[in-house]
Amino acid sequence: MFDTERLYMDTWYPSARKYGYEVNEPLLISLLGKTAELGRKICEEHFGLGFPFYEIRKDRLSLSNAIIKENGIKVGLSISPDTNIDMI
């Protein structure tokens with residue numbers, strides 16, 4: 001089994017930097033298991049209104065998926081708090 005949470009956390013760093021933000025591990029840990037909307041609120045409390053949460057999220061998910069594909073990691077179904085079931 002592959003730990004996608006670690007990968008998703010690791011991709012936050014370069015994705016946030018693209019938009020001029022630095023994230024830290026305590027912030028990322030606070031986002032684990034949260035819905036996207038709650039994650040956006042947490043990030044806005046941390047960085048202020050206007051934090052481009054959904055843009056960064058889209059970038060880091062694309063980066064994560066590229067890493068998964070490049071490394072030949074087999075994917076399956078995952079339960080996500082944002083949707084009932086989605087493909088990793």
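The following dialogue examines salt bridges, helix 3 and a loop proline in a predicted model.

Student: How many salt bridges does the count come to in this model?

Tutor: A salt bridge is counted here when a side-chain nitrogen of Lys or Arg lies within 4 Å of a carboxyl oxygen of Asp or Glu. The pair R17 and E22 is one of those that satisfy the rule, at 3.2 Å from N to O. By this rule, the count comes to 5 salt bridges.

Student: Is E22, the partner of R17 in a salt bridge, buried or exposed?

Tutor: The salt bridge joins the side chains of R17 and E22. R17 is partly exposed, its relative accessible area being 46%. For E22 the relative accessible area is 51%, and the threshold for the exposed class is over 50%, so E22 is classed as exposed.

Student: What distance separates the closest N and O atoms in the salt bridge between E37 and R40?

Tutor: Both residues belong to helix 3, which covers residues 36–47, and they are 3 residues apart. That spacing separates E37 and R40 by about one helical turn. In general, side chains of opposite charge can pair when their charged atoms come close. For E37 and R40, the closest N and O atoms are apart by 2.3 Å.

Student: Which residues are linked with R40 in a network of salt bridges?

Tutor: R40 forms a salt bridge with E37. A salt bridge also joins R40 to E44, with the closest N and O atoms 2.7 Å apart; these two residues lie 4 residues apart in helix 3, about one turn of the helix. The residues linked with R40 in the network are therefore E37 and E44.

Student: Is R40 buried or exposed?

Tutor: E37 is partly exposed, at a relative accessible area of 34%, whereas E44 is buried, at 18%. The relative accessible area of R40 is 19%. Buried means under 20%, so R40 is classed as buried.

Student: Leaving aside neighbours within four places in sequence, which residues are in contact with R40?

Tutor: R40 lies in helix 3, and a polar contact of 2.3 Å joins its side chain to that of E37. E37 is 3 residues away from R40, so E37 falls among the neighbours left aside. The contacts of R40 that remain are F53 and Y54.

Student: What distance separates the end C-alpha atoms of helix 3?

Tutor: Helix 3 has 12 residues, and at 1.5 Å a residue it should span 16 Å. The expected span uses one less than the number of residues. The end C-alpha atoms agree with this expectation, being apart by 16 Å.

Student: Which helices do the buried residues of helix 3 pack against?

Tutor: The buried residues of helix 3 are A36, G39, R40, I42, C43 and E44. Helix 3 is followed by G48, whose phi is positive, near 105 degrees. The buried residues of helix 3 pack against helix 1 (4–18), helix 2 (25–31) and helix 4 (53–70).

Student: Leaving aside neighbours within four places in sequence, which residues are in contact with P52?

Tutor: P52 is located in the loop between helix 3 and helix 4, and its relative accessibility of 13% counts as buried. P52 and A16 are 36 residues apart in sequence, while their C-alpha atoms are 8.9 Å apart in space. With sequence neighbours within four places left aside, the residues in contact with P52 are Y19 and Y21.

Notes: Residues are numbered from 1 along each chain as its sequence is written. This is a predicted model: local features need pLDDT of at least 70, side-chain atom pairs count only at pLDDT 80 or more; totals for chains, interfaces and linings use all residues. Side-chain values use heavy atoms; hydrogens and water are left out. Buried means under 20% relative accessible area, exposed over 50%, partly exposed in between (1.4 Å probe, protein chains only). A polar contact is a pair of N or O atoms within 3.5 Å; within protein, one must be able to donate a hydrogen and the other to accept it, and residues adjacent in sequence count only if both atoms are side-chain atoms. Contact means heavy atoms within 4.5 Å.
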